Amino acid sequence: MRKWGVILLTAVLVALILSPFASTHPDGLEKVAENLAFADKSETLMARFSPMPDYAVRGISDGKISTAMAGVIGTVITFFAVFGLMKALSPGRR
Amino acid sequence: MHIPDGFLDAKTIITTAAISAYAIKNDVEKARRSLGDRGIPVLGVMAAFIFAAQMVNFPVMAGTSGHLLGAALATILLGPYSAGLIIASVLIVQSLFFQDGGILALGANILNMAVASPMAAYYIYVALKKYARFTCADTIATFAASWFSVMVAAVFTSLELALSGTVPLKTVILPMAMVHAAIGIGEGLITTVAVAYIGRVLNLKAGFGIKNSAETAIDVDGGGRAN
């Protein structure tokens with residue numbers, strides 16, 4: 001296996017195994033927004049178009065499995081997005 | 001600290017988007033020049049790792065969580081320009097697919113976390129590596145770069161919220177700084193471990209051309225010696 005494959009595998013394992021057990025408390029900005037009473041200004045403009053809103057895969061009722069699946073899908077999407085982008089921009093390709 | 005839609009006004013959205021667009025153009029130019037074909041998968045897996053790690057919220061203080069930002073991690077291993085591209089890509093994927101961070105707020109989020117954070121991490125890391133000549137200087141520089149990268153993003157976020165008239169600066173800056181000072185400690189711990197692990201596996205050595213140690217330095221944003 002290529003060495004970078006080890007890191008990709010690590011990333012997939014983090015998404016698969018650790019992400020379902022992440023803290024569900026609001027993050028720093030969300031908490032500050034709640035405390036200072038501007039959290040309700042938040043809007044979800046693209047709600048209808050978001051394929052996996054809040055890291056949940058539609059149709060999977062179990063929250064932990066849903067998060068793990070969304071995590072693995074997102075990790076793979078991110079890899080190919082950056083890989084494809086850099087390939088396209090690479091000076092070697094003309 | 002992904003800003004959702006609704007928190008920013010039009011002028012802030014347009015200004016931050018313009019600055020971020022310019023910064024990304026600059027990142028692309030700098031990164032593509034120094035990045036060989038063999039470095040491309042390295043950028044991809046670094047982005048994938050940071051995406052995955054960002055999902056793992058850890059508890060800080062009562063009823064609050066934080067997660068890795070990853071700007072310092074990518075900067076220390078690959079330089080600030082590659083790091084900018086990586087974090088921006090992660091933010092775009094999160095916004096488009098997972099409704100994490102607003103679509104209209106994307107420019108602001110990129111400015112805070114993919115432009116300001118890597119630059120802060122870079123300058124703190126370089127400064128400490130240059131002048132700190134004691135044991136564990138590497139670890140201290142990594143930890144400090146991580147902590148400041150989060151704090152700078154928190155300050156930028158506060159400024160944008162204030163500029164938008166969402167909340168007065170003097171009200172928001174202290175709570176944002178305090179909670180992110182705590183999250184920054186988590187950032188520092190995770191980054192220190194991840195730099196050691198990923199650096200070892202991929203044979204990347206942080207350095208940015210500073211030769212104050214026995215390590216062979218890589219070019220600034222040279223993409224490392226990827227295998």
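This report describes a predicted model with chains A and B, taking each chain, their contact and the core in turn.

## Chain A

Chain A contains three helices and zero strands, so ordered that the sequence reads α-α-α. The radius of gyration of chain A is 17 Å, well over the 12 Å that the globule rule gives for 94 residues, so chain A is more spread out than a compact globule. The C-alpha trace of chain A spans about 50 × 30 × 25 Å along its principal axes.

Buried residues make up 31% of the 94 residues in chain A. Among contacts in chain A with a separation of 6 or more, 49% join residues that are 24 or more positions apart.

## Where the chains meet

The contact between the chains involves 53 residues of chain A and 56 residues of chain B. On the side of chain A that touches chain B, at least two residues come from each of α1 (3-18), α2 (28-35) and α3 (63-89) of chain A. The largest share of that side belongs to α3(A), with 14 residues.

By residue type, the side of chain A that touches chain B has 31 nonpolar, 15 polar and seven charged residues.

## Chain B

Chain B is built from seven helices and two strands. Starting at the N terminus, the order is α-α-β-β-α-α-α-α-α. The radius of gyration of chain B is 17 Å, close to the 17 Å that the globule rule gives for 227 residues, so chain B is as compact as a globular protein of that length.

The principal axes of the C-alpha trace of chain B give spans of about 50 × 35 × 30 Å. In chain B, 61% of the 227 residues count as buried. Residues 24 or more positions apart provide 71% of the chain B contacts with a separation of 6 or more.

## Helix α1 of chain B

Helix α1 of chain B covers residues 10-34; at 1.5 Å a residue, its 25 residues should span 36 Å, and this agrees with the 36 Å between its end C-alpha atoms.

The buried residues in α1(B) are Thr12(B), Ile13(B), Thr16(B), Ser20(B), Ala23(B), Asp27(B) and Ala31(B). The packing partners of these buried residues are α4 (80-98), α5 (106-131) and α6 (137-163) of chain B.

## Helix α3 of chain B

Helix α3 of chain B runs over residues 71-78, and eight of its eight residues are buried, so the helix is largely enclosed by the rest of the structure. The buried residues are Ala71(B), Ala72(B), Leu73(B), Ala74(B), Thr75(B), Ile76(B), Leu77(B) and Leu78(B).

These buried residues of α3(B) pack against α2 (40-54), α4, α5, α6 and α7 (169-201) of chain B. Just after α3(B) comes Gly79(B), with a positive phi of about 95 degrees.

## The nonpolar core

In soluble globular proteins, nonpolar side chains tend to be buried together. Here the largest nonpolar core has 99 residues, and Ile50(B), Ile86(B) and Ile87(B) are those with the most contacts inside it. The element that gives the most to this core is α5(B), with 13 residues.

Leaving out residues up to four places away in sequence, Ile50(B) touches Gly70(B), Leu73(B), Ala74(B), Ile86(B), Ile87(B) and Val90(B). Two of these partners, Leu73(B) and Ala74(B), are among the buried residues of α3(B).

How values were computed:
Residues are numbered from 1 along each chain as its sequence is written. Chains are lettered from A and ligands numbered from 1 in the order in which they are written. This is a predicted model: local features need pLDDT of at least 70, side-chain atom pairs count only at pLDDT 80 or more; totals for chains, interfaces and linings use all residues. Helices (H or I, at least four residues) and strands (E, at least two) are DSSP runs, numbered from the N terminus. The radius of gyration is taken over C-alpha atoms; the globule rule is 2.2 Å times the number of residues to the power 0.38. A residue is buried if 20 or more other C-beta atoms lie within 10 Å of its own, exposed if 12 or fewer, and partly exposed in between; C-beta atoms are placed from the backbone. Two residues are in contact if their C-beta atoms, placed from the backbone, lie within 7 Å. Ala, Val, Leu, Ile, Met, Phe, Trp, Tyr, Cys and Pro count as nonpolar, Asp, Glu, Lys and Arg as charged, and the others, Gly among them, as polar. The expected span of a helix is 1.5 Å times one less than its number of residues. A nonpolar core is a set of buried Ala, Val, Leu, Ile, Met, Phe, Trp, Tyr and Cys residues joined through C-beta atoms within 7 Å.
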